[in-house]
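Let's take a walk through this structure together, one feature at a time. Have the sequence and the 3D view open as you read.

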Amino acid sequence: MRRPLALLTAILAAATLAVAACSDDDSGGGGGTTLTVLSWDNEATMKPVLDAFRAAHPDIKLNVSYSPPVAEYIQTLQTRVLSGKAPDVFLIAAENKTKLIDGKLVVDLAKEPFLAGLPEINKTTYGRDGAVYGLSLSSWGAGIMYNKDLLAKVGATEPPATWDAFLDLCRKLKAAGIPPILEALDGMPIVLSAFLGARNTTQNLQMDAKIFGGQSTFAAEWTEALSQYNRIFTDGLEPATVVGLKGDQVNDEFANGRVAMIPTGPWAVGAIREKAPNLKISLAPVPAAPGGQPFLSGAAGPGWAISSKSENLDAAKTFLTFLASAPAIETYQKSSNAITVTENFQPPIDEALKPIVEDVRAGKFYLPQIAWTRAEDVLNVEAVAQLQLMVQKKATPEQVAAALDKKLAAS
């Protein structure tokens with residue numbers, strides 16, 4: 001029994017060291033409170049906000065660590081919580097909200113003034129029974145980003161409205177020697193989420209409640225959407241090698257004009273603009289699958305949460321109060337290109353995002369992990385693994401859905 005215990009101890013120690021190695025720490029020396037923070041936005045995005053906080057609150061020192069979303073961040077946070085070193089402030093997300101709330105690991109923020117002016121969906125997404133556990137300052141919607149010049153080469157002037165038309169466009173692009181579409185398949189696919197979101201609207205937003213309540217199944221609700229999504233692979237329009245890609249690689253291919261379309265969201269715009277400032281781009285909803293409507297994958301942005309184990313509660317609330325202030329939101333929006341939703345700041349919107357902004361602010365988007373009512377972490381891992389098998393022709397849509405039903409039954 002000693003070897004597994006020693007191995008677990010070593011893994012936890014290594015993970016803690018890895019997180020510490022990627023940190024922004026001004027906690028050494030002097031008095032005052034030191035607040036530990038774990039962010040999934042990178043250092044370049046957060047630095048302007050953190051610098052502003054330090055200038056406004058020199059009495060609070062920050063020890064900030066960074067871990068990229070989604071799977072790596074969730075694992076990093078879980079490791080720190082299990083090792084008794086939970087940060088004072090961290091992000092609660094779709095994939096870990098149930099575990100954090102059920103485990104009583106986060107503080108209820110419902111009565112805090114900094115929640116004023118937030119849309120209801122940004123509060124209820126990370127809440128339960130009137131409690132609110134995360135300060136979510138933005139929302140996101142993801143669809144298909146188009147290179148307008150490459151589309152023009154095959155006579156396309158507008159994004160297609162239907163999935164059949166989209167696949168036809170992909171065929172035209174491929175025939176012209178232009179790779180049609182690329183998406184890193186290391187998370188829940190944007191296209192699939194949008195198909196499911198459109199289906200959910202036809203059921204008065206009760207699709208997931210029926211699955212988790214036992215009145216329906218993944219097999220009944222997901223199989224058609226999976227089959228439609230899979231057409232892009234069975235028809236040879238997107239390579240199965242997307243299983244090994246990362247988001248940055250896909251963005252580079254798009255920015256360099258080597259692929260015509262990528263499923264993505266606002267987070268990609270800044271990097272693409274930086275690499276290709278003259279590229280003509282537009283982000284539109286995912287085209288409608290048969291029987292559906294154009295829709296966005298999306299959710300309220302991850303919320304800043306306070307650890308229930310924190311010994312620096314007042315400082316943590318001061319930090320969240322600052323993050324919700326208009327100057328901080330403006331600074332964050334400039335560095336992240338996020339679609340912020342607070343009443344105290346109206347964000348400038350990149351031209352490429354204008355086709356989706358109205359739906360995002362209205363909450364017309366869908367993400368399975370947000371809608372799932374339990375076991376969203378293990379279900380997400382299972383879904384991605386099964387989808388990777390499907391695109392490699394090692395599983396059918398029916399088998400993917402059946403695997404999710406089996407995983408849910410075991411949770």
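**A guided walk through the model**

Start with a pair of helices: α7 (residues 163-175) and α10 (residues 218-234) pack at an angle of about 10°, their axes lying 11 Å apart. Angles under 35 degrees count as roughly parallel, so α7 is roughly parallel to α10. Keep in mind as you look that this is a predicted model. In general, two packed helices are described by the angle between their axes and the distance between the axes.

Now zoom in on the contact itself. From α7 come W163, D164, F166, L167 and C170, and they meet Q228, Y229, R231 and I232 of α10. By character, the residues of this contact of α7 with α10 divide into 6 nonpolar, 1 polar and 2 charged.

Next, turn to the second largest pocket, with a volume of about 570 Å³. Its lining is made up of 23 residues, and the closest to the pocket centre are N200, L205, Y366, I370 and A371. Which elements give two or more residues to this lining? They are α5 (120-124), α8 (190-201), α9 (207-213), β10 (297-300) and α16 (368-371). Strand β10 gives the most, with 3 residues. The lining of the second largest pocket divides into 12 nonpolar, 8 polar and 3 charged residues.

Charged pairs are our next stop. Side chains of opposite charge can pair when their charged atoms come close. The structure holds 16 salt bridges, and one of them is worth finding on your screen: R54 pairs with D51, with the closest N and O atoms 3.8 Å apart. Where do R54 and D51 lie? Both belong to helix α2 (residues 43-56), where they sit 3 residues apart, about one turn of the helix.

Finally, have a look at the backbone. Most residues other than glycine have a negative phi, and most peptide bonds are trans. Against that background, two spots deserve a visit. P69 and V70 are joined by a cis peptide bond, with omega about -5°; V70 is placed in the loop between β3 (60-66) and α3 (71-82). The other spot is D129, which is not a glycine yet has a positive phi of about 50°. You will find D129 in the loop between β5 (127-128) and β6 (131-132).

Note on methods:
Residues numbered from 1 in each chain as written. Predicted model: local features only at pLDDT ≥ 70, side-chain atom pairs only at ≥ 80, totals over all residues. Heavy atoms only, no water. Axes fitted to C-alpha atoms, helices over the stretch in contact; angles between N-to-C directions. Helix = DSSP H or I, 4+ residues; strand = E, 2+ residues; numbered from the N terminus. Parallel < 35°, antiparallel > 145°, perpendicular 65-115°, else oblique. Contact = heavy atoms within 4.5 Å. Nonpolar A, V, L, I, M, F, W, Y, C, P; charged D, E, K, R; others polar. 1 Å grid on protein atoms, 1.4 Å probe; cavity = no way out; pocket = protein on both sides within 12 Å on 5 of 7 lines; lining within 4 Å. Points joined across faces, edges and corners; volume = space filled by probe spheres on them. Salt bridge = Lys/Arg side-chain N within 4 Å of Asp/Glu carboxyl O.
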